[in-house]
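Please open the structure in the viewer and keep the sequence at hand. The tour proceeds by selections, each followed by a description of what is found there.

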Amino acid sequence: SLFDRGVTDKAFWEHVPCLIESCPNKSGVIRAMNHLESLRMANQMQEMEFGGGGSASMKPINYVLPAKKKTNSWGTNPGGQTAKVSNTSVASSQPSKA
């Protein structure tokens with residue numbers, strides 16, 4: 001292909017603006033050059049943010065998985081058995097009638 005790396009190819013920016021400027025339709029030239037300028041700025045911003053080129057190897061993401069729960073929110077473990085719940089007595093707010 002003519003520009004292997006598309007708009008990131010240096011040859012694109014060396015030849016396409018000159019080609020556009022050689023067109024006789026001056027209002028079309030102005031619109032196209034404005035478009036090329038916005039494309040160039042967007043390309044520069046992407047290169048700054050993502051390191052440009054796209055050929056650089058990406059750093060692998062180190063995923064850390066959470067530890068498995070012994071029980072779920074229903075009080076059972078993942079095997080389907082009910083978990084043992086300790087019986088703790090709660091003090092009553094009403095006085096006993098003995």
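The stops below concern a predicted model.

**First stop: the two helices**

Select residues 10-21, which form helix α1, and then residues 26-50, which form helix α2. How do their axes cross? The axes come within 9 Å and cross at roughly 160°. Angles over 145 degrees count as roughly antiparallel, and α1 and α2 are therefore roughly antiparallel to each other.

**Second stop: the contact of the helices**

On the α1 side, select Phe12, Trp13, Val16, Pro17, Ile20 and Glu21. On the α2 side, add Lys26, Val29, Ala32, Met33, Leu36, Leu39, Arg40 and Asn43. Colouring this selection by residue type shows how the contact of α1 with α2 divides: 10 residues are nonpolar, 1 is polar and 3 are charged.

**Third stop: the nonpolar core**

Which residues make up the largest nonpolar core? Reduce the selection to Phe12, Val16, Ile20, Val29 and Leu36, the 5 residues of this core. Both α1 and α2 give two or more residues to the core, and α1 gives the most, with 3 residues.

**Fourth stop: Phe12**

Keep Phe12 selected and display its surroundings. Is Phe12 buried or exposed? Its relative accessibility is 13%, so Phe12 counts as buried. Apart from neighbours within four places in sequence, Phe12 is in contact with Phe3, Gly6, Val7, Pro17 and Leu36.

**Fifth stop: the aromatic rings**

A pair of aromatic rings is described by the distance of the centres and the angle of the planes. The whole structure holds 2 aromatic pairs. For one of them, select Phe3 and Phe12: the centres lie 5.4 Å apart, the planes are at 80°, and the pair is edge-to-face. Next select Phe12 and Trp13, whose ring centres are 5.0 Å apart and whose planes also stand at 80°, so this pair is edge-to-face. Displayed together, Phe3, Phe12 and Trp13 are a cluster linked by ring pairs. Phe12 is buried, whereas Trp13 is partly exposed, with a relative accessible area of 23%.

**Last stop: Asn43**

Move along helix α2 to Asn43. This residue also belongs to the α2 side of the contact with α1. With a relative accessible area of 10%, Asn43 is buried, because buried means under 20%. What is Asn43 in contact with, once neighbours within four places in sequence are left aside? Its contacts are Val7, Thr8 and Trp13. Selecting Trp13 again leads back to the aromatic cluster with Phe3 and Phe12.

Key. Residues are numbered from 1 along each chain as its sequence is written. This is a predicted model: local features need pLDDT of at least 70, side-chain atom pairs count only at pLDDT 80 or more; totals for chains, interfaces and linings use all residues. Side-chain values use heavy atoms; hydrogens and water are left out. Axes are lines fitted to C-alpha atoms, for helices over the stretch in contact, and angles run from 0 to 180 degrees between N-to-C directions. Helices (H or I, at least four residues) and strands (E, at least two) are DSSP runs, numbered from the N terminus. Angles under 35 degrees count as roughly parallel, over 145 as roughly antiparallel, 65 to 115 as roughly perpendicular and the rest as oblique. Contact means heavy atoms within 4.5 Å. Ala, Val, Leu, Ile, Met, Phe, Trp, Tyr, Cys and Pro count as nonpolar, Asp, Glu, Lys and Arg as charged, and the others, Gly among them, as polar. A nonpolar core is a set of buried Ala, Val, Leu, Ile, Met, Phe, Trp, Tyr and Cys residues joined through side-chain atoms within 4.5 Å. Buried means under 20% relative accessible area, exposed over 50%, partly exposed in between (1.4 Å probe, protein chains only). Rings of Phe, Tyr and Trp (its six-membered ring) pair if their centres lie within 6.5 Å; planes under 30 degrees apart count as stacked, over 60 as edge-to-face and the rest as tilted.
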